[in-house]
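Here are some notes to read alongside the model, written for someone opening it for the first time. Take the points in order and keep the structure in view.

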There are 2 protein chains.
Amino acid sequence: MLTKKQLDLLDFIHTRLQKDGVPPSFDEMKVALDLRSKSGIHRLITALEERGFIRRLAHRARAIEIIRLPDSLGGTVEDVAEAPTPANQGTAPAAATIAAMELPVMGRIAAGVPIEAINQISHQVAVPASMLSAQGQHFALEVRGDSMIEAGINDGDIVVIRETSVADDGDVVVALVEGQEATLKRIYRKGTSVALEAANPAYETRRYRQDQVKVQGRLVGLIRTY
Amino acid sequence: MLTKKQLDLLDFIHTRLQKDGVPPSFDEMKVALDLRSKSGIHRLITALEERGFIRRLAHRARAIEIIRLPDSLGGTVEDVAEAPTPANQGTAPAAATIAAMELPVMGRIAAGVPIEAINQISHQVAVPASMLSAQGQHFALEVRGDSMIEAGINDGDIVVIRETSVADDGDVVVALVEGQEATLKRIYRKGTSVALEAANPAYETRRYRQDQVKVQGRLVGLIRTY
DNA sequence: AACGTCATGCTGACGAAGAAGCAATTGGAT
DNA sequence: ATCCAATTGCTTCTTCGTCAGCATGACGTT
């Protein structure tokens, strides 16, 4: 499963995590493995992530977390000590595993939001696993404005998006228009033109050529907190 | 996952929370970390929120809550549970711990559903911990019908309810009318009478005497799967 | 022996993120 | 109205992660 170097690195990260709770930086790992460049570390880290041993946030300092360890390093890392919950939430069994997954909230979306805004993680939300497809990447966005209000999507709602470039007529999608702005709209195709329709009579449907619109993902879920 | 500064701050907040139950103010954190400006604290807090360790209310003093702790600070805090890996391949590593909780879905609700229907658990849903209050019992219901459509609550949505018998004017509540039927409506009180108002002009507002209506819980969240 | 693949190694450049500070403003509470 | 807390804009410096490009040695195949 792992090469020697990958194992060494994983071991080092694990040790550091145990010792002072903060994962090492690439430079520190570089020194530890006696390399002269960080790029080697970069590839090893990527490999570890691919193989499901660690989890990380892209473009964040020291944002590495160990998910599991190979047998040779002492097995799993899962929370062995499931502490009896103080002030237990009652109705739900505390020890049970939860069918959910954390998704990154990539920013806000509305009519006319620049794409840059949906390129960084603002925080994480948990979403029920039943909302997600078995395969496919998902992410979340916070909705701004009332352009989809008649579809029951309100200002402040979190929408869960499945990444895809295909969509059927009438699907609600995140569409990138002219490589510039990302909007949440209903999509309809007619011949070579694409219509993006808001669910609010106050906004008018806009039509584009096929090559002007790129579907980023499809709406699969919605979460609202009052 | 965290840088040293971020970990220090999280540790400080956690300690203060344990000691006197109240989260520190930005100024107190500033002093604790030996900074000269609060803006640094603001950034660290933002990073912690992004990484899913704390939860907060914007524009509220000391409105910080710890959702989970890194292993180095003693692992989990209440509502945290292990996640099974929902079909996790390739580039999408799953989270090890998730800030979520399972709630029982107690049945369906609409205008005129008999109370019996909301007395048995049909299945469980996972909801983000950020949707729930620290104390208080919660449960979920599936919405039937379009009586709340203008409030963005559609047929088939799952609503998350916090059990309480108090509600402010305008809150959406689960109300038990005449001990008979449970409905999801907006509540308004006027003198000794209680008005239950649908969010759909097709349904008319109904008025009752105070003793005819019992509030079962208040709407705190909504989950929709497409 | 020659070749392709793979894991690894190295350098250097680049841009993004973290951290810190000051100042001004907004928002809540009382 | 006034105080305090929180938020935001702007600046500066440091730390960190990413990437393109090229090199090497191990291994198995042709």
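1. A quick bit of vocabulary before we start: Ala, Val, Leu, Ile, Met, Phe, Trp, Tyr, Cys and Pro count as nonpolar, Asp, Glu, Lys and Arg count as charged, and the others, Gly among them, count as polar. With that in hand, the residues of the surface near DNA strand D sort into five nonpolar, eight polar and 10 charged. Do keep in mind that this is a predicted model.

2. Who sits around DNA strand D? The strand is surrounded by 23 residues, and the closest are Phe26(A), Arg56(A), Arg62(A), Phe26(B) and Arg56(B). If you look at the atoms of DNA strand D within 4 Å of the protein, 69% belong to sugar or phosphate, and bases supply the rest.

3. Now for some individual contacts with DNA strand D. His42(A) has a polar side-chain atom 3.5 Å from a phosphate oxygen of the strand. Arg62(B) uses its backbone instead: an N or O atom there lies 2.8 Å from a phosphate oxygen of DNA strand D. For a base contact, go to Lys38(B), where an N or O atom of the side chain is 3.3 Å from a base nitrogen of DNA strand D. Helix H3 (38–50) of chain A, plus helix H2 (26–32) and helix H3 (38–50) of chain B, are the elements that give two or more residues to the surface near this strand. The largest share, four residues, comes from H3(B).

4. On to DNA strand C, which has 24 residues around it; the closest are Thr3(A), Ser37(A), Ser39(A), Arg36(B) and Arg43(B). Of the atoms of DNA strand C that come within 4 Å of the protein, sugar and phosphate account for 62%. The residues of the surface near DNA strand C split into five nonpolar, 10 polar and nine charged.

5. Which contacts are worth finding on DNA strand C? A polar backbone atom of Arg36(A) is 2.8 Å from a phosphate oxygen of the strand, and the side chain of Arg60(A) has an N or O atom 3.5 Å from a phosphate oxygen of DNA strand C. Ser39(B) goes to a base: an N or O atom in its side chain is 3.0 Å from a base nitrogen of DNA strand C. Here the elements giving two or more residues to the nearby surface are helix H1 (4–20) and H3 of chain A, together with helix H1 (4–20) and H3 of chain B.

6. Arg60(A) deserves a second look, since side chains of opposite charge can pair when their charged atoms come close. Arg60(A) forms a salt bridge with Glu50(B), with the closest N and O atoms 2.6 Å apart. This pair crosses between chains, from the loop between strand S1 (54–56) and strand S2 (64–66) of chain A to helix H3 of chain B. Arg60(A) counts as partly exposed because its relative accessibility is 29%, while Glu50(B), at 7%, counts as buried.

7. Two salt bridges within chain B are also worth a visit. Glu28(B) pairs with Arg16(B), the closest N and O atoms being 3.3 Å apart; Glu28(B) is in helix H2 and Arg16(B) in helix H1, 12 residues apart. Glu49(B) and Arg56(B) meet in another, at 3.6 Å from N to O.

8. Finally, some context on chain A. The chain has three helices and 12 strands, and buried residues make up 49% of its 226 residues.

Definitions and conventions:
Residues are numbered from 1 along each chain as its sequence is written. Chains are lettered from A and ligands numbered from 1 in the order in which they are written. This is a predicted model: local features need pLDDT of at least 70, side-chain atom pairs count only at pLDDT 80 or more; totals for chains, interfaces and linings use all residues. Side-chain values use heavy atoms; hydrogens and water are left out. A residue is near a molecule or strand if one of its heavy atoms lies within 4 Å of it. A polar contact is a pair of N or O atoms within 3.5 Å; within protein, one must be able to donate a hydrogen and the other to accept it, and residues adjacent in sequence count only if both atoms are side-chain atoms. Buried means under 20% relative accessible area, exposed over 50%, partly exposed in between (1.4 Å probe, protein chains only). A salt bridge is a side-chain nitrogen of Lys or Arg within 4 Å of a carboxyl oxygen of Asp or Glu.
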